[in-house]
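User: Please explain how the terms applied to this model are justified.

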Amino acid sequence: MVSTERYLVVEELLSNNSIQKEVMIENVAKAIEVEQGFDENDELVGRSPPTFFSSYHRLDEIHKYMKSLESKYPKLASTFSIGKSFEGQDLLVLKIRSGKETKKKPIIWIDGGTHGREWITSASALYIATKLLNEYDLDANITKLIDFYEWYIHPVVNPDGYEYSHTTDRMWRKTRSWTVSLIGCRGVDPNRNWSFKWNYGGSSISPCSHVYSGLIPFSEPEIKAIANFIFDRKNRVKLFLTLHSYSQMWLTPWGWTHEFPSDYEDQHKMANVAVRALRSLYGSIFESGSTTELL
């Protein structure tokens, strides 16, 4: 984003370096005004999914909706908290499975809302959950997916940042924890707070940076809670999908090095299956590749 005052300077800089540009959004402030023009006080209980997904919702409304799915599909869905955020919000997860609990099924994990401002990722995670539950026993493929796998869907990884982006700063990305900043910069980039190759590449040690990785790995309770949950079930987790916006990319590891993991070919093959499916269903064109390769 570029302010009106700086636009000519940036345009000249790009031109002098032969960098082509395309303006994607003329007026971000206006776009935010339009986006926020829905009634936040609408009663959600009993709403049909198409109405719910016609606008964005606050955290308490999302939690109500998750619990309404649990009430509507008691044999398939249940909700539970895996911990608390820095500001004490529940980290609510929706579990979807059929059959007896004694059977240990392979697990699929999907999360959204890692970055507060990326509202569409939380909506997308909820939409996936709704689609799975609504079409169980109606669509053979979806029935097979629920019968074979155990699903955990965590729509709002960073509830404090998500709420702050609704109430105060639409472009807020990080958590809301206190940092060592002397000028009051708050929050850690949750996506940079994992312990694996912590602070290697694409992150910052500055508390005021959008990609601040924190003082130590897992300093953020939101990320530590997911790590604990996953590690307790690590032998059964077969797929971990985390949703971000915006770009249309299907990203695979690694993000800390230009090298590929040993099973990159398998990952890339599966990513291309997903990319082809998205294109055939919606006409959406996604790129696929490793995080370092594409970003």
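The following exchange sets computed values against their definitions.

Analyst: This is a predicted model, in which local features need pLDDT of at least 70, side-chain atom pairs count only at pLDDT 80 or more, and totals for chains, interfaces and linings use all residues. Residues are numbered from 1 along each chain as its sequence is written, and side-chain values use heavy atoms, with hydrogens and water left out.

User: What makes the radius of gyration agree with that of a compact globule?

Analyst: The rule for a globule, applied to C-alpha atoms, is 2.2 Å times the number of residues to the power 0.38. For 295 residues this gives a value near 19 Å, and the protein has 20 Å, which agrees. The C-alpha trace spans about 65 × 50 × 45 Å along its principal axes.

User: Why is the contact between E87 and R186 called a salt bridge?

Analyst: A salt bridge requires a side-chain nitrogen of Lys or Arg within 4 Å of a carboxyl oxygen of Asp or Glu. The closest N and O atoms of E87 and R186 are 3.7 Å apart, so the pair qualifies. The two residues link distant parts of the chain, 99 residues apart: E87 lies in the loop between β1 (77-84) and β2 (90-96), and R186 in the loop between α7 (159-167) and α8 (221-231). Such helices (H or I, at least four residues) and strands (E, at least two) are DSSP runs, numbered from the N terminus.

User: Why is R186 called buried, and why is E87 called partly exposed?

Analyst: Buried means under 20% relative accessible area, exposed over 50%, and partly exposed in between, with a 1.4 Å probe and protein chains only. R186 has 16% and is therefore buried, whereas E87, at 45%, is partly exposed.

User: How do you know that R173 and D189 form a salt bridge, and are they buried or exposed?

Analyst: Their closest N and O atoms are 2.8 Å apart, so the salt-bridge criterion is met. Both residues lie in the loop between α7 and α8, and the pair therefore ties together parts that are 16 residues apart in sequence. R173, at 12% relative accessibility, counts as buried, and D189, at 0%, is also buried.

User: What makes E135 and K131 a salt bridge, and how is each classed by accessibility?

Analyst: The N to O distance of 2.9 Å satisfies the criterion. E135, at 22%, is partly exposed, and K131, at 34%, is partly exposed. A search of the whole structure finds ten salt bridges.
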